[in-house]
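Trainee: Please take me through this structure by question and answer. Give the reasoning before each value or name.

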Amino acid sequence: NLFGLILRQQYPDIYVVMVTSEATKKNLDTAVANGAKGFIVKPFQVENIEKALKEFKRHRVLSAHAAT
């Protein structure tokens with residue numbers, strides 16, 4: 001399901017992390033090509049979610065600094 005990537009097209013500042021049970025190169029390439037910032041494969045470990053959240057926070061801080 002690429003719903004998040006469609007949202008990304010409408011709201012370019014949204015931070016999308018793709019969560020999928022199909023870890024194929026095609027899915028990864030499609031997600032990245034459409035602006036996904038992360039890719040998590042189900043079933044996932046809590047550490048993967050924590051890593052994605054840390055990247056999101058880092059991205060927000062960098063974006064805030066760039067805007068000033």
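**Aromatic pair and overall layout**

Trainee: Is F56 buried, partly exposed or exposed?
Mentor: The model is predicted. F56 has a relative accessible area of 32%. Buried means under 20% and exposed means over 50%, so F56 falls in between and is partly exposed.

Trainee: How many aromatic pairs does a search of the whole structure find, and what is the geometry?
Mentor: The search finds one aromatic pair. The ring centres of Y15 and F56 are 5.2 Å apart. Their planes meet at 65 degrees, and over 60 counts as edge-to-face. The count is therefore one, and the geometry is edge-to-face.

Trainee: How many residues apart in sequence are the parts that this pair ties together?
Mentor: Y15 lies in the loop between α1 (3-10) and β1, whereas F56 belongs to helix α3. Y15 counts as buried, at 17% relative accessibility. The parts tied together by the pair are apart in sequence by 41 residues.

Trainee: Which pattern of helices and strands does the chain follow?
Mentor: The chain has three helices and two strands. Read along the sequence, they give the pattern α-β-α-β-α.

Trainee: What share of the chain's residues counts as buried?
Mentor: The C-alpha atoms fill a box of roughly 40 × 30 × 15 Å along the principal axes. The chain exposes about 5400 Å², with carbon and sulfur atoms supplying 58% of that area. Of its 68 residues, the share that counts as buried is 18%.

Trainee: Which residues form the covered face of β1?
Mentor: In general, side chains of a regular strand alternate between the two faces of the sheet. In β1, V17 and V19 make up the uncovered face. The covered face is formed by M18 and T20.

Trainee: Which residues of β2 are buried?
Mentor: Side chains alternate along β2. F39 and V41 point to one face and are not buried. The residues on the other face are buried: G38 and I40.

Trainee: What is the bridge partner of V19 in β2?
Mentor: Strands β1 (residues 17-20) and β2 run parallel and are joined by four bridges. One of the partnerships is that of T20 with V41. For V19, the partner in β2 is I40.

Trainee: What is the hand of the β-α-β crossover, right or left?
Mentor: From β1 the chain passes through helix α2 (residues 25-33) and arrives at β2. This β-α-β crossover is right-handed.

Trainee: Which two residues does the cis peptide bond join?
Mentor: In general, most peptide bonds are trans. Here omega is about -10 degrees at a cis bond. P43 is found in the loop between β2 (38-41) and α3. The cis bond joins K42 and P43.

Trainee: How far apart are N and O in the salt bridge between D29 and K25?
Mentor: The structure holds two salt bridges, and D29 and K25 form one of them. The two are four residues apart in helix α2, so about one helical turn separates them. D29 is partly exposed at 39%, while K25 is exposed at 62%. The distance from N to O is 3.0 Å.

Trainee: Which residue does R58 meet in a salt bridge?
Mentor: R58 and its partner both lie in helix α3, three residues apart, about one turn of the helix. R58 counts as partly exposed at 46% relative accessibility, and the partner is partly exposed at 33%. The N to O distance is 3.2 Å, and the partner is E55.

Trainee: How far is the C-alpha atom of V46 from that of A64?
Mentor: V46 belongs to helix α3 (residues 46-67). Its relative accessible area is 56%, so it counts as exposed, the cut-off being over 50%. A64 is 18 residues away along the chain, and the C-alpha separation is 27 Å.

Trainee: Among contacts in the chain between residues at least 6 apart in sequence, what share joins residues at least 24 apart?
Mentor: The pair of Y15 and F56 has already shown a link between parts 41 residues apart in sequence. For contacts between residues at least 6 apart, the share joining residues at least 24 apart is 29%.

Methods
Residues are numbered from 1 along each chain as its sequence is written. This is a predicted model: local features need pLDDT of at least 70, side-chain atom pairs count only at pLDDT 80 or more; totals for chains, interfaces and linings use all residues. Side-chain values use heavy atoms; hydrogens and water are left out. Buried means under 20% relative accessible area, exposed over 50%, partly exposed in between (1.4 Å probe, protein chains only). Two strands pair if DSSP finds at least two bridges between them. A crossover is right-handed if, with the strands pointing away from the viewer, the path from the first strand over the helix to the second runs clockwise. A salt bridge is a side-chain nitrogen of Lys or Arg within 4 Å of a carboxyl oxygen of Asp or Glu. Contact means heavy atoms within 4.5 Å. Accessible areas come from the Shrake-Rupley method with a 1.4 Å probe; for residues, only the protein chains shown count as cover. Rings of Phe, Tyr and Trp (its six-membered ring) pair if their centres lie within 6.5 Å; planes under 30 degrees apart count as stacked, over 60 as edge-to-face and the rest as tilted.
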